[in-house]
Amino acid sequence: MKYSEFFISTLKEAPGEEENESLKLMLRSGLLRKVAAGVYCYLPVGYKVLNKIENILRQEIKSLKANEILCPNLVPLELSLKEDDKEENFCFKDRSGRGFALGTSYERMIFDILKGEIKSYKTLPVMFYCIENEFRDERRPKAGLLRSREFRTLNLFSFNKSKEEVLLSIDKIHKALEKFFKKLDISVVKARNDFSIKGDVSYCDFIIDFENGEYNYITCKECGYISGKDYTPTKIDYMKEDKELNVIEKISTPNIRTIEELVSFLQTSPSKFAKTLIYKVEGKSVAVMVRGDREVNENKVKEYLKASCIELADDKTILEVTGAQVGFAGPVGLKTDLLLVDNEIPNMRNIIVGANDTGYHLVNVNYGRDFDGEVGDFRNITDKDTCPVCGSQIEIKRGIKIASIYKSNDEIKIKYRDEKGEETNVLAVLLSVGISRMIWAVSENKYDDKGIIWPFEIAPFEVVIVPVSVKDELQVKVAHEIYNKLKEKGMDVLLDDRDERAGVKFNDADLLGIPVRITIGKKINDGFVELKFRNENASKDVKIEDFYGEIEAFLLK
Ligand SMILES: [Zn+2]
């Protein structure tokens with residue numbers, strides 16, 4: 001491609017008031033333009049990069065013998081909503097009043113279609129994938145492609161007959177992704193997302209470390225265990241409080257609704273309290289009780305109840321089951337369908353809880369004597385907890401999720417007839433990879449004050465050829481010869497044929513992040529060109545006949 005024939009719009013300054021450095025560089029190098037908060041247009045350079053990433057991923061997924069399909073972005077509401085994130089979907093009605101959503105998760109729609117298609121064991125195992133735009137009505141879209149409202153994603157659906165087939169599929173998916181990440185030159189952390197603590201990592205989130213990231217994960221230096229914070233079991237290693245059980249008492253706590261207010265009113269510590277949260281889970285009311293200074297882990301509750309969705313109850317339900325306004329729920333006399341009690345609670349003595357009476361709390365409440373419930377692990381792990389595998393100190397880190405291998409949590413089951421003619425459930429494994437997020441991940445991974453340093457495989461161009469003066473006949477002739485030779489070799493080359501100062505061309509080449517630059521200047525009269533790699537500071541003069549060998553050597557590094 002010649003510069004004069006390809007639209008490249010570089011800027012000296014990033015427009016707007018973006019805070020993120022790599023986003024500024026993406027805007028400056030003409031990859032993207034902002035249309036609205038969280039909505040971007042890919043200009044030719046950016047679209048090239050996006051396509052390169054997409055093609056590498058497609059090749060890897062194709063090698064799994066997966067079948068590519070194309071889903072509509074317009075999804076009937078009932079096949080679109082994951083109930084637990086409906087607030088972030090773009091939903092609307094058509095002229096006849098039928099509800100639709102812009103595609104967010106294609107899982108339910110694919111399952112609905114395939115339940116009529118996969119009938120026999122002979123079809124299985126089988127994989128499908130689609131590369132689509134997804135939409136999310138982010139509350140706070142930011143950092144460009146990191147949290148945008150329209151983004152490109154690959155979704156893979158693997159359907160299997162047996163647990164062995166499931167493990168084999170997961171193993172293949174891991175290997176394909178590893179190759180993909182290697183080509184993009186990014187290092188990724190695998191955080192378990194299935195509550196497992198032993199054995200090989202199978203279901204997991206792929207994380208890039210990022211200090212302002214929203215994904216929290218646990219690492220243990222001692223045994224190497226890594227897990228998403230939402231999926232980390234807590235280890236029970238504390239002793240029962242050895243105290244007399246006191247007589248239960250109802251105390252007036254007027255106008256006090258939060259733990260903080262209660263702590264200062266009673267002048268005690270949050271660890272002496274237990275809070276009771278009321279949820280709606282598939283039509284049932286479920287109370288979850290954790291220590292006052294803990295957080296309920298909704299994923300653990302979901303997993304325990306084998307539920308596909310869970311949401312906090314509304315004020316009306318809370319009034320029905322507690323007989324009190326929000327802020328006074330407690331385990332004694334509670335009318336929920338179920339009470340889940342976190343592991344720590346039975347070991348506590350003389351707890352302070354809500355009295356299910358507006359303006360009152362109970363003190364000296366004890367598990368077993370005053371209330372019962374199903375005991376389990378229902379709280380979030382904290383950095384004071386220890387590793388659930390080896391008991392060593394853990395660290396909580398932050399990152400960005402760029403891909404995920406996960407179990408389907410949809411209630412739609414695909415059934416097939418097995419070899420004996422019996423109806424059996426298909427076992428599904430799902431993968432999702434954020435393609436546009438990958439552009440963010442790579443650019444955040446390597447940039448300097450001159451621009452983003454793209455890895456060779458996904459750079460907007462692999463090589464840029466810069467004749468210092470387009471008025472010098474020899475320079476122009478050699479530039480074209482090199483250009484043609486590299487094109488013949490199948491390389492993606494940019495010939496900067498603009499009548500600009502060399503400094504301007506060099507700056508643009510650096511800003512675009514093109515990995516290899518070949519400059520043809522006065523030394524061409526002695527048979528030399530200058531070779532410069534974007535990720536190295538020094539340039540070197542090489543004989544014209546040697547330049548290709550040098551590039552090949554660079555690529556092998
Ligand atoms: Zn450990």
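Here is a short chat about a predicted model of one protein chain.

Reader: I'm just getting started, so how many helices and strands does the protein chain have?
Author: Keep in mind that this is a predicted model. The C-alpha trace of the chain spans about 100 × 65 × 55 Å along its principal axes. Going through that trace, you'll find twelve helices and 31 strands.

Reader: What share of the 557 residues is buried?
Author: Let's start with the outside: the accessible surface comes to about 27100 Å², and carbon and sulfur atoms own 48% of that. A residue counts as buried when its relative accessible area is under 20%. Of the 557 residues, the buried share is 51%.

Reader: How far apart do the centres of the positive and negative side chains lie?
Author: The chain carries 86 positive side chains and 94 negative ones. Take the centre of each set, and the two centres lie apart by 2 Å.

Reader: In what order do the five strands of the open sheet run?
Author: The pairing in this sheet is mixed, and the twist averages 25° from one strand to the next. Its edge strands, pairing on one side only, are S28 (493-495) and S31 (539-543). Put the five strands side by side and the order is S28-S27-S29-S30-S31.

Reader: Which residue in S28 stands opposite Val464?
Author: Strand S27 covers residues 463-467 and pairs with S28 in the parallel sense. Three bridges make up that pairing. Across from Val464, in S28, stands Leu494.

Reader: Helices H10 and H12 pack on the sheet, so what angle does the direction of H12 make with that of S30?
Author: H10 (residues 473-488) touches S27, S28, S29 and S30, and its direction makes about 165° with that of S27. H12 (residues 547-556) touches S29, S30 and S31. For H12 and S30, the angle is about 10°.

Reader: Moving to the start of the chain, which residues of helix H1 are buried?
Author: H1 covers residues 21-28, and six of its eight residues are buried, so this helix is largely enclosed by the rest of the structure. Those buried residues pack against several elements, including strand S1 (32-36), helix H9 (435-445) and helix H11 (502-512). By name, the buried ones are Ser22, Leu23, Leu25, Met26, Leu27 and Arg28.

Reader: Is Glu138 buried or exposed?
Author: Glu138 is found in the loop between strand S7 (126-135) and strand S8 (150-160). Leaving out residues up to four places away in sequence, Glu138 touches Arg147, Ser148 and Arg149. Its relative accessibility is 12%, and because the cut-off is under 20%, Glu138 counts as buried.

Reader: And Lys65, is that one buried or exposed?
Author: Lys65 sits in the loop between helix H2 (44-62) and strand S3 (67-68). Its phi is near 65°, a positive value in a residue other than glycine. Most residues other than glycine have a negative phi. With 68% relative accessibility against a cut-off of over 50%, Lys65 counts as exposed.

Reader: What phi does Glu282 have?
Author: You can find Glu282 in the loop between strand S14 (274-281) and strand S15 (284-291). Glu282 is not a glycine, yet its phi is positive, at about 45°.

Reader: What is omega for the peptide bond from Leu124 to Pro125?
Author: Pro125 has its place in the loop between helix H4 (107-114) and S7. Most peptide bonds are trans. The bond from Leu124 to Pro125 is cis, with omega near -5°.

Key. Residues numbered from 1 in each chain as written. Predicted model: local features only at pLDDT ≥ 70, side-chain atom pairs only at ≥ 80, totals over all residues. Heavy atoms only, no water. Helix = DSSP H or I, 4+ residues; strand = E, 2+ residues; numbered from the N terminus. Buried < 20%, exposed > 50% of the residue type's maximum accessible area, 1.4 Å probe, protein only. Areas by Shrake-Rupley, 256 points an atom, 1.4 Å probe, with all protein chains shown as cover. Lys, Arg positive; Asp, Glu negative; His and termini not counted. Charge placed at Lys NZ, Arg CZ, Asp CG, Glu CD. Pairing = 2+ DSSP bridges. Axes fitted to C-alpha atoms, helices over the stretch in contact; angles between N-to-C directions. Contact = heavy atoms within 4.5 Å.
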